[in-house]
Amino acid sequence: MKIALLGYGRMGKNIESIALNRNHTITLKIADANSDYNFSDADVAIDFSVPSAAVNNIKKALDAGVPVVSGTTGWLDKYDEILDYCKSKNGTFLYASNFSLGVNLFFELNKKLSELMAGFTEYSTEIEEIHHTQKLDAPSGTAITLAEQIIKFNNYTNWTLDQPKSNEIHIAAKRIENVPGTHEITYSSEIDSISIKHTAHSRQGFAMGAIIAAEWIKDKKGVFSMKDVLNIG
Ligand SMILES: NC(=O)C1=CN([C@@H]2O[C@H](COP(=O)(O)OP(=O)(O)OC[C@H]3O[C@@H](n4cnc5c(N)ncnc54)[C@H](OP(=O)(O)O)[C@@H]3O)[C@@H](O)[C@H]2O)C=CC1
Ligand SMILES: O=C(O)C1=N[C@H](C(=O)O)C[C@H](O)C1
C-alpha cells in the first residue's frame, strides 16, 4: 500500500516505522502548510497533524480522490463540513479520536457502564485525562468521545473543563511530561466510587490502529468509524 502521511510529527514517524515493517511504502510526507500536495499514486492518506491543519489536509486528499484516515483531534466542530465534502466528492473518510484497540474496547465498556449507572443519580461522573505537555488541545478527543457516550445514556447534557453544574460532566485535563495517554472515568457517591481506566504505555497502539484502518478503508467508498474496522459494538 502506498501511504501519504499528512503530518510527520510523533505519530507520523511512529506510523512510518510500523508501515515499513508491514511492507507498505510512504510516497508523500506533508510536514507543513507550504508542502507540495502531490498525491500521485497514493492508495491512502493518514492525517495526524495539528488541529488548525486537519480540515485542509483532509480536503486536499479528498480532492485528489485518495481515501483519508484522520486521527488529528481538536477540529471536530468542522466534522459535518468534512462529511458533506466527502459525500460531494464521492470519497472515503474515517475519523477516530483514538485508534488503539484497547481504547475502542474501553469505549464499549464505557457505554455499558454508563447505561448501568443511568438510574443511580446519587453518583456523579468525572472523566480524567492525562497527556504529555506538548499536546495542543484540551480536553483530549478521546475524553470528548467518552463524555458524549455517557451523555447519550445518562441525564447529563454536556461536558465542561470548569466547575460543573449538575447537568455537566467534569473533564479534568492534566498535562504531565511523557505520558502517551491515560483516561479514567469515575462514578462517585457518598458511600463509594467505581472507576474504569485505560492507560496507553506508548504510541504503538494508536499508530498500529491507524494503519489497520488504512488497510481496511483503501478500496472502500463512504464514511466509516473504528467500529466498522474492528467489527465491535
Ligand atoms: N486518534 C488517535 O489515536 C491519536 C490522535 N493523536 C492526535 O494526532 C495529532 C498529532 O499528534 P502528534 O503526532 O503527537 O503531534 P506532533 O505535534 O508531534 O505532530 C504534528 C505534526 O504536524 C505538523 N504540521 C503543522 N502544520 C501542518 C500542516 N499544515 N500539514 C501537515 N502537518 C503539519 C507539525 O509541525 P510543527 O511542529 O512544525 O508545527 C508536527 O510535526 C494531534 O491532534 C493528536 O491529538 C495523537 C495520538 C493518537
Ligand atoms: O495527543 C495525543 O498524544 C493523543 N491524542 C488523542 C486524543 O486527543 O484523544 C489520542 C491519544 O490519547 C493521544
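**Two ligands and a helix crossing**

Let me begin with ligand 2, where an N or O atom in the side chain of Thr142 lies 2.5 Å from an oxygen atom of the ligand, a polar contact in the sense of a pair of N or O atoms within 3.5 Å, with the added rule that within protein one must be able to donate a hydrogen and the other to accept it, and that residues adjacent in sequence count only if both atoms are side-chain atoms. The protein covers 85% of the 320 Å² of accessible area that ligand 2 has on its own, areas here coming from the Shrake-Rupley method with a 1.4 Å probe, and for residues only the protein chains shown count as cover.

Before I go on, please keep in mind that this is a predicted model, in which local features need pLDDT of at least 70 and side-chain atom pairs count only at pLDDT 80 or more, while totals for chains, interfaces and linings use all residues. Residues are numbered from 1 along each chain as its sequence is written, chains are lettered from A and ligands numbered from 1 in the order in which they are written, and side-chain values use heavy atoms, with hydrogens and water left out.

Staying with ligand 2, an N or O atom in the side chain of Lys135 is 2.7 Å from an oxygen atom of the ligand, and a polar side-chain atom of Thr73 lies 3.5 Å from an oxygen atom of ligand 2. The residues around this ligand, meaning those with a heavy atom within 4 Å of it, include His131, His132 and His183. By class, this shell has 2 nonpolar, 9 polar and 1 charged residues, where Ala, Val, Leu, Ile, Met, Phe, Trp, Tyr, Cys and Pro count as nonpolar, Asp, Glu, Lys and Arg as charged, and the others, Gly among them, as polar.

Which residues come nearest to ligand 1? Of the 24 around it, they are Arg10, Met11, Thr73, Phe99 and Lys135. A polar side-chain atom of Thr73 lies 2.6 Å from an oxygen atom of ligand 1, whereas Arg10 uses a backbone N or O atom, 2.8 Å from an oxygen atom of ligand 1, and a polar backbone atom of Met11 is likewise 2.8 Å from an oxygen atom of that ligand. The protein covers 75% of the 910 Å² of accessible area that ligand 1 has on its own, and its shell divides into 11 nonpolar, 9 polar and 4 charged residues.
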